[in-house]
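Please open the model in your viewer and keep the sequence panel beside it. The tour below goes from one selection to the next and says what can be found at each stop.

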Amino acid sequence: MPDKFEPKIIGFLCNWCAYAGGDVAGVIRAQYPPNMRPIRVMCSGMVHPDLVVEALKMGADGVIIMGCHIGQCHYQDGNSKAMARVEVVRVVLEDMGIEPERFAIVWVSSAEGKRFAKVITDFTDQIKTLGPNPLRKDFELNFKRV
Amino acid sequence: MKLRAVSETLNACSGCEISILDTGERFYEILNNIEFLHFPLLMDHKSCIKTNGKKESELPEADLGILSGGIRNEEHLEIAKEVRKKCDIVIAFGTCATHGGIPALTNSYTNQEVLSRYYSTETTDNTSDYPDKDVPPLLERCYALDEHIKVDLYFPGCPPHPHHIYNAFISLATGKIPALPEKSVCDVCPVLKKGKIDSKNVKRFLAPPQYNYANEPLKDMRCLLEQGFVCMGPVTRAGCGGDNMIPRCISARVPCQGCYGPASFNGNQRLDLLNALASQGINTGSLPNTEFLLEFSGAHNLLRPRIKLVRK
Ligand code: SF4
Ligand code: SF4
Ligand code: SF4
Ligand code: FES
């Protein structure tokens, strides 16, 4: 079972650093697992915690927010705001019965293609160790919103 | 022709039905427009559950099904489904029905934990015997209505304000979709707002708020959240003040507890409030816990038993 499990990971990537970093990773042909579905956002600071929690509630196995290094946000302090919310998301996830380790926030600059690949590889491994999201089964069997 | 209505009370405290009576003299006007065919809480009717091996329940068909309370056990579920089957329009009446309400706080614990807590205090004899005969078995958790049946109209409020009950029933009787307030409690709150929270911490409401003299009008009292108290106004649906709109708790100089459920229907009151505080640089760690921010909306999987974390 653990070998077969292919996690679904949602990535919120800021346009200016992380997404560009992903492009560089492609250009230098860095290898990393295909489990992360990237969603491009203008800044990590615009990712409302609801989006993270909703993704996990709907059965995503992991969520990762990627933005510019602190001090390099193109909107000055978007990433510091994102950082301030991390604790909030963790607390809420814990109370919802979801392991807070399924959520991560990392900074990757537009030049760090190699690091981008490493971050995704490590996070995918981490999620694989955790196994499927406990809400996944629940979502399909009991949780029907009509 | 009068609108025909049935009402059933599920995982509820009956406060919602009392609020219907609280429409006062206008209740007669409601009765002139709506005929209640089945209303166990106000009339001499039994609940529509099938008992004594009966095949069919005696619930009459109706235009309107008014359900208060969420769904916690199999009896609630059966009644809810029966009402759905017999009624054209089903109303989730009260925050228990729309978002789980106070009873959904149980979702932080497993059924086993709830039962052992309840049946094994120092004074109880047989701690291992939970009643399992003649009581409906518990479902896994406390659900809002729409997790099990289709709901046509949502009527939040703990309980919904009689003004809105009256308005809504009359508009339904005249064939219109009732309009309920859609703003947040803050939007209709008259207090003095400066747009900045004074302290770096927020606290629960354990000391009185600051104001200058006993009858000081609300518009001169500083916003309670800005005074550093947890007030759920920003993330809670308006409406508790009825037609004059002034939020009820605020008019008593007490912070909003969030009883009308989330301001945007699918919102998460706890997450949204904590997010707003964190983004303003407030240290949310100063609160002893945060489950209480979901005091009224813990259904829809928002509160769940804590997991044991697997750290390797
Ligand atoms: S919404 Fe409030 S008043 Fe209505 S049943 Fe629930 S607890 Fe009682
Ligand atoms: S007192 Fe509460 S409800 Fe009123 S404006 Fe302040 S936060 Fe909003
Ligand atoms: S102020 Fe908040 S808690 Fe108080 S009655 Fe209004 S919505 Fe409910
Ligand atoms: S622009 Fe990249 S984190 Fe704000």
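Is B:T95 buried or exposed? Select B:T95 in this predicted model, and you will find that this residue is buried, because its relative accessible area is 1%, under the 20% limit for that class. B:T95 belongs to helix α4 of chain B, which covers residues 95–99.

**Around B:T95**

Now show what surrounds B:T95, leaving aside its neighbours within four places in sequence: the residues in contact with B:T95 include B:G100, B:G101, B:F155, B:P156 and B:G157, and B:C158, B:C259, B:Y260, B:G261 and B:F296 are also among them. For one of these residues a polar atom pair can be picked out, since the backbone nitrogen of B:G157 lies 2.8 Å from a polar atom of the B:T95 side chain. If you then draw a distance from the C-alpha atom of B:T95 to that of B:A12, the viewer should give 9.7 Å, although 83 residues separate the two along the chain.

**Ligand 1**

Both B:T95 and B:A12 appear again when you select ligand 1, whose surrounding residues are B:A12, B:C13, B:G15, B:C16, B:G94, B:T95, B:C96, B:G157, B:C158 and B:P159. Two elements of chain B, α1 (15–21) and α4, give two or more residues each to this shell. Coloured by class, the shell around ligand 1 shows six nonpolar residues, four polar residues and no charged ones.

**Ligand 3**

Move next to ligand 3, and display B:T236, B:C240, B:P247, B:R248, B:C249, B:C256, B:Q257, B:G258, B:C259 and B:Y260, which are the residues around this ligand. B:C259 and B:Y260 in this list were already met as contacts of B:T95. The class colours here give six nonpolar residues, three polar residues and one charged residue.

**B:R222 and its loop**

Which loop holds B:R222? Select the stretch of chain B between α6 (162–173) and α7 (248–251), and B:R222 will be found in that loop. B:R222 counts as buried because its relative accessible area is 14%. Apart from residues up to four places away in sequence, B:R222 touches B:V191, B:L192, B:K194, B:K196, B:D198 and B:Q227. The side chain of B:R222 also makes a polar contact of 2.9 Å with the side chain of B:E226. Drawing a C-alpha to C-alpha distance from B:R222 to B:P234, which is 12 residues away in sequence, gives 15 Å.

**Salt bridges**

Side chains of opposite charge can pair when their charged atoms come close. Across all chains the count comes to 13 salt bridges, and a few of them are worth selecting in turn.

- In chain A, the side chains of A:E99 and A:R102 form a salt bridge with an N to O distance of 2.9 Å, and both residues are buried.
- In chain B, B:E147 and B:R141 are joined by a salt bridge of 3.2 Å, N to O; B:E147 is buried at 3% relative accessibility, and B:R141 is buried at 6%.
- B:K150 and B:D152 also form a salt bridge, with their closest N and O atoms 2.9 Å apart, but B:K150 is partly exposed at 47% relative accessible area and B:D152 is partly exposed at 28%.
- Selecting B:E82, B:K85 and B:K86 together brings up one network, joined by salt bridges that share partners.

**B:E56**

B:K86 leads on to B:E56, which is in contact with B:K50 and B:K86 once its neighbours within four places in sequence are left aside. B:E56 sits in the loop between β2 (34–38) and β3 (62–68) of chain B, and with a relative accessible area of 51% B:E56 is exposed.

**Where the chains meet**

For the last stop, show both chains: 31 residues from chain B and 28 residues from chain A take part in the contact. Together the two chains bury about 2600 Å², 50% of it on carbon and sulfur atoms. How many salt bridges are there between chain B and chain A? The count is zero, while four residue pairs are in polar contact between the chains, counting pairs with both residues at pLDDT 80 or more. On the side of chain B that touches chain A, β6 (138–143) and α8 (269–279) each supply at least two residues, and α8(B) gives the most, with seven. That side of chain B divides into 11 nonpolar, eight polar and 12 charged residues.

Key
Residues are numbered from 1 along each chain as its sequence is written. Chains are lettered from A and ligands numbered from 1 in the order in which they are written. This is a predicted model: local features need pLDDT of at least 70, side-chain atom pairs count only at pLDDT 80 or more; totals for chains, interfaces and linings use all residues. Side-chain values use heavy atoms; hydrogens and water are left out. Contact means heavy atoms within 4.5 Å. Buried area is the accessible area (1.4 Å probe) that two parts lose on being put together, summed over both. A salt bridge is a side-chain nitrogen of Lys or Arg within 4 Å of a carboxyl oxygen of Asp or Glu. A polar contact is a pair of N or O atoms within 3.5 Å; within protein, one must be able to donate a hydrogen and the other to accept it, and residues adjacent in sequence count only if both atoms are side-chain atoms. Helices (H or I, at least four residues) and strands (E, at least two) are DSSP runs, numbered from the N terminus. Ala, Val, Leu, Ile, Met, Phe, Trp, Tyr, Cys and Pro count as nonpolar, Asp, Glu, Lys and Arg as charged, and the others, Gly among them, as polar. Buried means under 20% relative accessible area, exposed over 50%, partly exposed in between (1.4 Å probe, protein chains only). A residue is near a molecule or strand if one of its heavy atoms lies within 4 Å of it.
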